[in-house]
Structures are given as structure tokens and as C-alpha cells.
Amino acid sequence: MDALPSGVPVNQSSIIRDKVNSSEMMRKYGLIAILLAAVIILSLVSDTFLTVTNLMNVLRQVSINGILAIGMTFIILTAGIDLSIGSLMAVAAVIATSIVAHDPGAVGLALIAGVAASGILGGVSGTMSAKLNVAPFVATLAMMTIARGIALIYTNGRPIVVSSEPFKFLGQGYIGPLPVPVIIFVAVAAIMGVVLYKTKFGRYVYAIGGNENASKISGIRVGRIKIWVYVINGFLAGLAGILLSSRISSGQPNSGMGYELDAIAAVVIGGTSLFGGRGSLLGTIVGVLIIGIINNGLNLMDVSSYWQQIIKGLIIAGAVILDQRAKRN
């Protein structure tokens with residue numbers, strides 16, 4: 001625990017320590033409690049919620065949002081934001097599907113081309129933010145429009161239908177009992193966990209979000225790290241877009257709309273601070289599961305999609321309020 005300021009009376013120090021301990025306990029275990037509560041409530045109100053088929057559907061559905069949220073966690077840890085990932089998904093999807101539409105066996109080339117394209121566009125957003133001092137919100141808002149325009153121009157506004165079975169396997173296939181997107185999500189989480197917690201790059205990400213000026217003074221190349229964070233986020237958005245197009249067997253230039261909000265919501269609900277420097281991938285994964293389970297439960301209870309949007313917005317607002325209170329504490 002951090003040392004308390006000198007001169008604080010003993011009784012007041014004890015109160016402050018108790019308050020900090022309570023906040024830490026809430027931060028660590030509150031999300032798990034919310035997730036368990038949601039599972040228990042939904043299993044009581046729906047007979048189909050706890051079935052293997054439904055739970056596999058939930059895992060498959062949260063995998064794409066989970067991959068996006070992992071990239072968004074890196075961005076928000078640096079006190080940034082990326083509103084363009086939905087459009088980056090569309091760019092990767094139309095490029096990848098156009099390749100396999102001409103050559104059904106060129107799945108590897110389709111993956112590389114789609115992910116590379118979205119990674120480059122992510123890098124452009126990062127460069128605008130890090131080198132041209134454009135606010136991340138504005139830079140990625142501009143990229144959101146630009147990338148969507150690229151996807152529409154590339155396809156002339158029409159979906160690209162694919163029949164390649166190897167390509168469709170990415171989004172629709174199973175390895176053993178597990179859907180392929182779930183396995184890819186777990187692999188991405190493991191790799192990015194190593195990057196964030198076991199490398200100098202990951203430590204720099206936290207340091208920049210905690211105090212950017214101090215990071216510059218200590219010799220961290222802040223601009224370069226920020227650009228790479230946006231490139232990584234673009235790569236993951238591209239991968240998510242390809243998985244989505246594989247699942248629906250087509251590359252849609254309008255796909256990915258609204259996915260950025262779900263990713264941001266998962267990260268914030270998972271406890272990563274919008275002010276940067278604090279958060280974890282585990283929290284993000286739990287946040288993704290909470291959103292996925294709530295969405296699934298609301299669908300099972302035939303709750304209108306309009307009400308679902310309102311409920312999701314209230315959850316995000318609540319998470320942001322808790323984040324601001326934690327920062328003040």
C-alpha cells in the first residue's frame with residue numbers, strides 16, 4: 001500500500017487505510033461478484049441459459065468483442081481512445097474476402113493483407129495523435145470516416161460473398177468442443193498478456209498513461225510507443241473483422257458499426273481507467289463476459305433491442321462514475 005502523507009493524525013490514517021483497502025477489494029473482486037450474480041440470476045429466469053449450446057454461443061459471440069477490447073485496453077492504458085476500430089474491421093473484412101473470393105485457398109494471404117491494412121490505418125491514427133498532437137478522440141474519429149469510405153469505395157458499396165470453406169472455418173469451425181474464434185481469442189489474450197506484463201513495452205504503456213511528462217523525462221520514447229499501441233490495436237481490429245466476415249460468409253463494407261462502443265464498455269467495466277495508467281487484461285476479459293452474458297440474457301428474455309441499448313448505456317455510465325470516484329480517492 002502507498003505510504004500516507006506525513007502529518008496525518010493516527011485515527012485519520014486508519015480511516016484512510018480502511019477506505020483504500022475497501023476500494024482495492026471492490027476493484028479486485030467486485031467484477032467477479034457481478035459476473036457470478038448475472039450468471040445466477042439468468043440461470044434462474046431462463047431454462048436455456050446454462051445449456052452447453054447457449055454457453056458456447058455466448059463464448060463465440062464475446063470472442064470478437066474480446067479481441068477488440070484487448071487492443072482497446074492498450075489504447076486506454078495510455079490515456080487514449082480509438083473510435084475507428086469498427087471501420088478498421090470493415091476494411092480488413094472486405095480486403096480479406098476479396099482475396100479468398102478470387103482464390104479460395106489463399107486464406108493466409110487474406111489474413112495477412114487484411115490485418116496489415118487495418119494495422120497501417122491504426123498507425124496513421126497513432127501518428128496523428130503522437131506526432132501531430134491531434135487529440136486521440138479527433139484523430140480516430142477522422143479515421144473512422146476515412147476507413148469506412150475506403151471500405152465502401154473498395155467494394156462499390158456491395159458485400160463480397162465467399163464460399164471458401166477454409167476461410168469460413170475461422171469463424172464457424174470447431175476444434176474439439178470449442179469454437180475456433182474462442183481459441184483465437186484465448187491465444188490473443190495470452191500473447192498480449194505476455195506483451196503487457198512481461199516486456200519493457202508493456203511497462204512503458206502503463207508509465208505513459210500514469211504520467212506522460214515523467215515518462216518523457218525518464219527517457220521513454222513516448223511517441224513511438226503510442227504509435228505502436230495504435231498499430232497493435234489496428235492489427236487486432238483487423239483480425240476481429242476477418243473473424244466476423246468469416247462467421248457471416250461475406251465481407252460487408254458496413255460491418256463493425258457500433259463495435260467500438262462495446263469494446264470501450266468492456267474495458268471500462270473491467271476497471272481500466274479512462275485517465276490511463278491503471279487497469280488489467282483480466283479485468284477487460286471479465287468485462288467482456290459480463291456484457292456478453294447480459295446481452296445473451298436479455299435476448300433470452302425477449303427484451304427489445306432498444307431497451308438493451310439503454311441498459312448498456314446505464315452500465316457504461318455507472319462504470320465511468322465508479323472510475324471517477326476511484327480516481328478521486
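**Figure 1. Burial and overall make-up of the chain in the predicted model****.** Of the 329 residues in the chain, 47% are buried, and the model in which this is seen is a predicted one. The chain is built from 13 helices and four strands. When contacts between residues at least 6 apart in sequence are considered, 77% of them join residues that are at least 24 apart. The accessible surface of the chain amounts to about 16,000 Å², and carbon and sulfur atoms account for 66% of that surface.

**Figure 2. The packing of helix 3 against helix 4****.** Helix 3, which covers residues 85–102, packs against helix 4, residues 107–130, at an angle of about 155°, and the two axes lie 8 Å apart. Because angles over 145 degrees count as roughly antiparallel, helix 3 is described as roughly antiparallel to helix 4. The crossing of these two helices is right-handed. On the side of helix 3, the residues that take part are L88, V91, A92, I95, A96, I99 and V100, and they meet V107, L109, A110, A113, G114, A117, S118, L121 and G122 of helix 4. Sorted by class, this contact between helix 3 and helix 4 consists of 13 nonpolar and three polar residues, with no charged residues.

**Figure 3. Two loop residues with positive phi, A79 and N133****.** A79 is not a glycine, and yet its phi is positive, at about 70°. This residue, A79, sits in the loop that runs between helix 2 (52–77) and helix 3, and with a relative accessible area of 39% A79 is partly exposed. N133, likewise a residue other than glycine, has a positive phi near 55°. The place of N133 is the loop between helix 4 and helix 5 (136–155), where N133 counts as exposed at 68% relative accessibility.

**Figure 4. The crossing of helix 3 and helix 11****.** Helix 11 spans residues 259–269, and its axis comes within 7 Å of the axis of helix 3, the two crossing at roughly 125°. Helix 3 and helix 11 are therefore oblique to each other. The residues that make the contact are I85, G86 and M89 on helix 3, together with Y259, E260 and A263 on helix 11. By class, four of the residues in this contact of helix 3 with helix 11 are nonpolar, one is polar and one is charged.

**Figure 5. The burial of helix 11 and the residue that follows this helix****.** Nine of the 11 residues of helix 11 are buried, so this helix is largely enclosed by the rest of the structure. The buried residues of helix 11 are E260, D262, A263, I264, A265, A266, V267, V268 and I269; among them, E260 and A263 also belong to the contact with helix 3. Just after helix 11 comes G271, whose phi is positive, at about 100°.

**Figure 6. M257 in the loop before helix 11****.** M257 lies in the loop that links strand 4 (250–251) with helix 11. With a relative accessible area of 55%, M257 is exposed, whereas E260 and D262 of helix 11 are buried. Although M257 and I85 are 172 residues apart along the chain, their C-alpha atoms are separated by 8.9 Å. I85 is one of the helix 3 residues that take part in the contact with helix 11.

Key: Residues numbered from 1 in each chain as written. Predicted model: local features only at pLDDT ≥ 70, side-chain atom pairs only at ≥ 80, totals over all residues. Heavy atoms only, no water. Buried < 20%, exposed > 50% of the residue type's maximum accessible area, 1.4 Å probe, protein only. Contact = heavy atoms within 4.5 Å. Areas by Shrake-Rupley, 256 points an atom, 1.4 Å probe, with all protein chains shown as cover. Axes fitted to C-alpha atoms, helices over the stretch in contact; angles between N-to-C directions. Parallel < 35°, antiparallel > 145°, perpendicular 65-115°, else oblique. Left-handed = near helix turned anticlockwise from the far one by under 90°. Nonpolar A, V, L, I, M, F, W, Y, C, P; charged D, E, K, R; others polar.
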